[in-house]
Amino acid sequence: MDLKQVLKNTRFLLRYHGAYNQVPKAVEEMCELITELSKNYGHSTSKEKIQDEIADVIIMMLQMAQLFGFDEVRKRIEYKLHRQNKRISLARKDFYDTKVAEAFEDNIHYGE
Ligand SMILES: [Mg+2]
């Protein structure tokens, strides 16, 4: 399933169940992921369980992004990745791959 189909399916879920139900469901799914990731510190969960909860959270977050403004969320993702990349490049010039910076610069057309 490609991203377009994933967005179509998650948009359907949001419309079918409604924001009133899906916002608390998103919180619930995030809590389940927090629980599984926390268990991982003690190695008392499985990789499959964590993968399952990550999938649940991504499904819910795609609904939340569409509810609160998908294009703005996408812009914030790009901005934050760019900012983080810039911080790393400044802190670790010796470690930084300039090709990564070029890739970001090619795709992002707004500054900080
Ligand atoms: Mg879950």
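I50 sits in helix α3, which covers residues 47-68; helices here are DSSP runs of H or I with at least four residues, and strands are runs of E with at least two, numbered from the N terminus. The model is a predicted one, in which local features need pLDDT of at least 70, side-chain atom pairs count only at pLDDT 80 or more, and totals for chains, interfaces and linings use all residues. Residues are numbered from 1 along each chain as its sequence is written.

Is I50 buried, exposed or partly exposed? I50 is partly exposed, because 15 other C-beta atoms lie within 10 Å; buried calls for 20 or more such atoms, exposed for 12 or fewer, and partly exposed is in between, with C-beta atoms placed from the backbone. Setting aside neighbours within four places in sequence, I50 is in contact with E36, L37, N40 and T45, where a contact means C-beta atoms, placed from the backbone, within 7 Å. The C-alpha atoms of I50 and L33 are 6.8 Å apart, although 17 residues separate the two along the chain.

Let's step back to the helix pair. Helix α2 (residues 19-41) packs against α3 at an angle of about 150 degrees, and their axes are 9 Å apart. These axes are lines fitted to C-alpha atoms over the stretch in contact, and angles run from 0 to 180 degrees between N-to-C directions. That makes α2 roughly antiparallel to α3, a label for angles over 145 degrees. The contact includes L33, E36, L37 and N40 of α2 and I50, E53 and I54 of α3. Its residues comprise 12 nonpolar, three polar and seven charged; Ala, Val, Leu, Ile, Met, Phe, Trp, Tyr, Cys and Pro count as nonpolar, Asp, Glu, Lys and Arg as charged, and the others, Gly among them, as polar.

Two other helices can be checked for length, with the expected span being 1.5 Å times one less than the number of residues.

| Helix | Residues | Expected span | End C-alpha distance |
|---|---|---|---|
| α1 | 3-17 | 21 Å | 21 Å |
| α4 | 70-91 | 32 Å | 31 Å |

In both helices, the two values agree. After α1 comes G18, with a positive phi near 85 degrees. Helix α4 is hardly covered, with a count of zero buried residues among its 22.

Finally, the whole chain. It has five helices and zero strands. Buried residues make up 8% of its 112 residues. Of the contacts between residues at least 6 apart in sequence, 59% join residues at least 24 apart.

Key
Two residues are in contact if their C-beta atoms, placed from the backbone, lie within 7 Å. Angles under 35 degrees count as roughly parallel, over 145 as roughly antiparallel, 65 to 115 as roughly perpendicular and the rest as oblique.
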